[in-house]
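Me: I would like to go through this model and ask what stands behind each label. Please set the value against the criterion each time.

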Amino acid sequence: MSLLELDHVSVRYQNAVRDAVADASLRLSSGDFLVLTGRSGCGKTTLLNVAAGFVSPSSGMARVDGQPIAAPGADRAVVFQSDALFPWASVRENVAFALRMKGVPRRERDRRADALLARVKLSGFGDKPVWELSGGMRQRVGLARALAAEPRFLLMDEPLGALDALTRERMQTLLLDIWAESGTGILMVTHGIEEALLLGTEVIVMTPNPDTGQQGRITRRIPVSFGRRYRAGEPVRAIRADPAFAAARAELADAIFEGELQ
Ligand SMILES: Nc1ncnc2c1ncn2[C@@H]1O[C@H](COP(=O)(O)OP(=O)(O)OP(=O)(O)O)[C@@H](O)[C@H]1O
């Protein structure tokens, strides 16, 4: 069991007159799926980057298992919206990259890469160059590559944002399957309201300060259980059709837009 904590974190970028994120706290344990959502510019990526170790808090603390986060680490794998794969390498080589860095011998890393490719439903694609793959397939390669490091936490910034609607729905269930199998703690940023509800165990809403349009704060934390229902065997279609899902959708939209849409 691992714990990633952001404790009263504020971030002010160099030369900025205000904090991009003000006084944000969250706790991500193994097996949690936290979703950060909110309007554009309210600081979601900034907060994820603090967890990743790319950005240092100006005040407050970020910790993994009590140790301050000072830099990116293999315990926290990051998946971005653009897949950031190595275009010159094969699918298998991309997935095996972290294993190669660790000095895992060739045969062993190929075996593990192929097992990961099977998990993301890309068996048989290992020898392909990545540029031959569709956007959804590339994102699955990116996911397999992140999982290769056996991270304690998976940090994902709009990982499905560039995909078409049908591919995105399939990726959502794949993410739930991988989360269930791996027991990893996931922190994901998304603009998708239904996606947040379907995937998260907790949806964290950030909103900008109404006076400045900046200084993102956490304004709501909504516990959700739809993803757990999928894990327990309920089909996604049935979950989406449940009036409780529509009610949660309306509640979350209201929290994000603070009544602006009504
Ligand atoms: N490297 C940076 N230097 C200076 N300011 C930055 C930097 N990165 C982000 N900001 C500012 O910090 C604020 C929060 O940005 P951030 O990208 O974290 O928001 P976001 O909620 O992820 O936005 P989006 O949903 O559009 O991706 C914005 O005002 C942005 O302009």
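Me: Where is Glu132 found?

Reply: This is a predicted model. Glu132 sits in the loop between α4 (106-119) and α5.

Me: Why does Glu132 count as exposed?

Reply: A residue is exposed if 12 or fewer other C-beta atoms lie within 10 Å of its own. Glu132 has 11 C-beta neighbours inside 10 Å, so the label exposed applies. As for distance along the chain, Glu132 and Ser90 are 42 residues apart, and their C-alpha atoms are separated by 9.9 Å.

Me: What makes β3 and β8 a pair of strands?

Reply: Two strands pair if DSSP finds at least two bridges between them. Strand β3 (residues 33-38) is joined to strand β8 (residues 185-189) by four bridges, and the two run parallel; therefore they meet the criterion of at least two bridges. One of the residues involved is Phe33, whose bridge partner in β8 is Ile186.

Me: How do you know that β3 also pairs with β9?

Reply: By the bridge count again: five bridges join β3 to β9, and these strands run parallel. The criterion is at least two bridges, so β3 and β9 pair. Leu34 stands opposite Glu202 in β9.

Me: What is the pairing sense of β9 and β10?

Reply: β9 and β10 pair in the antiparallel sense, over six bridges. Here Met206 stands opposite Ile218 in β10.

Me: Why is the pairing of the six-stranded sheet called mixed, and what is the strand order?

Reply: The open sheet has the order β6-β7-β8-β3-β9-β10, with mixed pairing. β3 and β8 run parallel, whereas β9 and β10 pair in the antiparallel sense. On average, neighbouring strands of this sheet are turned by 20° against each other, direction ignored.

Me: What makes β6 and β10 edge strands?

Reply: β6 (76-79) and β10 (217-223) each have a single partner strand, so one side of each is left without a neighbour in the sheet.

Me: Which helix packs on the sheet, and which strands are touched?

Reply: Helix α10 (residues 243-257) does, touching β3, β9 (202-207) and β10. The direction of α10 makes about 175° with that of β10.

Me: How do you know that β1 pairs with two strands, β2 and β4?

Reply: Strand β1 (residues 3-11) and strand β2 (residues 21-29) share six bridges in the antiparallel sense, and Val21 in β2 is the bridge partner of Val11. Five bridges join β1 to strand β4 (residues 59-64), also antiparallel. In β4, Ala62 is the bridge partner of Leu6.

Me: Which residues touch the most other members of the largest nonpolar core?

Reply: Ala51 and Leu187 do, in a core of 72 residues. Helix α5 (residues 135-148) supplies the largest share, six residues. Domain 1 (1-27 + 39-71) and domain 2 (73-154) each contribute at least three residues to this core.

Me: With which residues is Ala51 in contact, leaving aside its neighbours within four places in sequence?

Reply: Ala51 is in contact with Leu4, Leu6, Ala62, Arg76, Leu155 and Leu187.

Me: How many residues of each domain are in contact with the other?

Reply: Seven residues of domain 1 are in contact with six of domain 2. The side of domain 1 that touches domain 2 has five nonpolar, two polar and no charged residues. The C-alpha centres of the two domains lie 27 Å apart.

Key. Residues numbered from 1 in each chain as written. Predicted model: local features only at pLDDT ≥ 70, side-chain atom pairs only at ≥ 80, totals over all residues. Domains from an automatic or database assignment. Contact = placed C-beta atoms within 7 Å. Nonpolar A, V, L, I, M, F, W, Y, C, P; charged D, E, K, R; others polar. Axes fitted to C-alpha atoms, helices over the stretch in contact; angles between N-to-C directions. Core = buried A, V, L, I, M, F, W, Y, C linked by C-beta atoms within 7 Å. Buried ≥ 20, exposed ≤ 12 C-beta atoms within 10 Å, placed from the backbone.
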